[in-house]
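Please open the model in your viewer and keep the sequence panel beside it, since the tour moves from one selection to the next.

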Amino acid sequence: MPLHLVLALFCATASLFAIAGAEDPYRFFNWNVTYGDIYPLGVRQSGILINGQFPGPDIHSVTNDNLIINVFNSLDEPFLLSWNGIQQRRNSYEDGVYGTTCPIPPGKNFTYILQVKDQIGSFYYFPSLAFHKAAGGFGGIRILSRPRIPVPFPDPAGDYTVLIGDWYKSNHTDLKAHLDGGNKLPFPDGILINGRGPGGASFNVEQGKTYRLRISNVGLQNSLNFRIQNHRLKLVEVEGTHTLQTTYSSIDLHLGQSCSVLFTADQPAQDYYIVVSSRFTDPVLTTTATLRYSNSAGPVSGPPPGGPTIQIDWSLNQARSIRTNLTASGPRPNPQGSYHYGLINTTRTIRLANSAGQVNGKQRYAVNSVSFVPADTPLKLADYFQIGGVFRIGSISDNPYGGGIYLDTSVMNVDYRAFIEIVFQNDEDIVQSWHLDGYSFFVVGMDGGQWTSDSRNGYNLRDAVSRCTTQVYPKSWTAIYVALDNVGMWNLRSEYWTRQYLGQQFYLRVYTTSTSLRDEYPIPKNALLCGRASGRSTRPL
């Protein structure tokens, strides 16, 4: 066979493997993204709908499924969806943030090709550009275990997605303009449960049966507490990790976090309040939904049950109690505890401090004094095509140096297959929430005050929970361990959405010189090209 045909056949085969695992099932989705009138807090707003729905449709999948999601952008502005917690193994091109993926132009479509490789659990998707998240466009993602993989609890009678989040009555365009003008946003106007305001959402149950709730905080600014009147919540999963099955009266979810709880409808047959309230705020925002027994004898009665409000210690103690179930299987049949992360020596410590201030008279937020500004070309494409001048390696340091805030397109280089420690230091009076795309990490420690090397003496090196979003309490620190086993350009961001929008994010470039498909897939053949990557070929021979 001529050499050029051999090369062409190899490239075609490689492209198939780059798209998805050929032996695993495919699920196809066609989504049309539009504006539409919504009234979640009783005021008409312009919302972002997916197939006419607010929130958007759930994605149901099974470990290793290939998800083919064709997104048509019927908005009048560029649009992207990102997939909170989906690791995009070897394929950061599909991550759907501007550092990796070109926006979908108005009137055009793009087909995301994702594989939920070696994952289970509860996650969500959201619009990542502009301030679209304040208009909707988000929805739940669930990844079920494969049929032969044991799950550490019986199948529930029902499985509900519960998307909670604070909300503004203003349109997202007005909020964005306010931020672009250099201002902070006011306090949110309310809280939504599955896109509905107080009393708007309901969940039907049958007496005596047990149900699963997959709860995600998709909000913009506040940690939230979730509870059900007269019912106990058993935590069973956090962002893809089966947890020790601890029972709580209520549970805190910080920005960007997801979890699964079980509850049993074991109370007298009537309706009960589901309550979500803001944490660490004054005033406290509260909203309700209804838990409705099928044989209900009457409506909800009495005041909605109260919950924790400003108590940091209550939340910290709950967070420390969330541990990995070491004997349960994860996405594979081997126990979750078979990976002994506590026995691995870390090769690098990165300390990240968040800060707020002004640059040129405008409000900005920073990590290690650098406030991120997007480049004119997605960073991953600039890296792939070797386009100079888009970003600088080392434009953010490993440690805070205490200087004033400045603007840059911050990218930190880290070595593929390294095992590193990241310490988030929060010297501000807010609860911070950090998310890392492409990974789960072990939350080995959190405490008040300043982190020092002696803080490692209190680390949990046995059964720390593995997740992708972690909180940092005011004047406190949180430490994580990360095994850098996923090559790509990965967004590390604050989930406090104003802060993310105004610079509190950067990119981890997990790099290897290898060009093997075992380490990273080639650029998708259908990848959109923009900025200085426009006009180039996605698959040079």
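Which cysteine does a disulfide join to cysteine 102? Select cysteine 102 together with cysteine 530 in this predicted model, and you will find the two joined by a disulfide, with an S to S distance of 2.1 Å. A search of the whole structure finds 1 disulfide, so a wider look at the chain can wait until this bond has been examined. A disulfide is a covalent bond between the sulfur atoms of two cysteines.

Now show the elements on either side of the bond. Cysteine 102 sits in the loop between strand 5 (81-84) and strand 6 (109-115), while cysteine 530 belongs to the segment after strand 34 (505-511), so the pair ties together parts that lie 428 residues apart in sequence. If you turn the view to look along the S-S bond of cysteine 102 and cysteine 530, the torsion about it is about -90°, and the disulfide is therefore left-handed. Both partners count as buried because their relative accessible areas fall under 20%: the value for cysteine 102 is 2%, and that for cysteine 530 is 16%.

Next, select cysteine 259 and cysteine 468. Cysteine 259 is in no disulfide, and the nearest cysteine sulfur to its own, that of cysteine 468, is 12 Å away. Cysteine 468 is likewise in no disulfide, its nearest cysteine sulfur being that of cysteine 259. With a relative accessibility of 3%, cysteine 259 counts as buried, and cysteine 468, at 1%, is buried as well.

Finally, clear the selection and display the whole chain, coloured by secondary structure. The chain has 5 helices and 34 strands. Its radius of gyration is 23 Å, close to the 24 Å that the globule rule gives for 541 residues, so the chain is as compact as a globular protein of that length. Along the principal axes, the C-alpha atoms fill a box of roughly 75 × 55 × 50 Å.

With the contacts of the chain drawn, consider those with a separation of 6 or more, of which 78% are between residues 24 or more positions apart. Colouring by accessibility brings out the buried residues, which make up 59% of the 541 in the chain. Switching to a surface view, you are looking at about 20,800 Å² of exposed area, 51% of it supplied by carbon and sulfur atoms. As a last selection, pick the charged side chains: the chain has 44 positive and 41 negative charges, and the mean positions of these two sets are 3 Å apart.

Technical notes
Residues numbered from 1 in each chain as written. Predicted model: local features only at pLDDT ≥ 70, side-chain atom pairs only at ≥ 80, totals over all residues. Heavy atoms only, no water. Helix = DSSP H or I, 4+ residues; strand = E, 2+ residues; numbered from the N terminus. Rg over C-alpha atoms; globule rule 2.2 N^0.38 Å. Buried < 20%, exposed > 50% of the residue type's maximum accessible area, 1.4 Å probe, protein only. Contact = heavy atoms within 4.5 Å. Areas by Shrake-Rupley, 256 points an atom, 1.4 Å probe, with all protein chains shown as cover. Lys, Arg positive; Asp, Glu negative; His and termini not counted. Charge placed at Lys NZ, Arg CZ, Asp CG, Glu CD. Disulfide = S-S within 2.5 Å.
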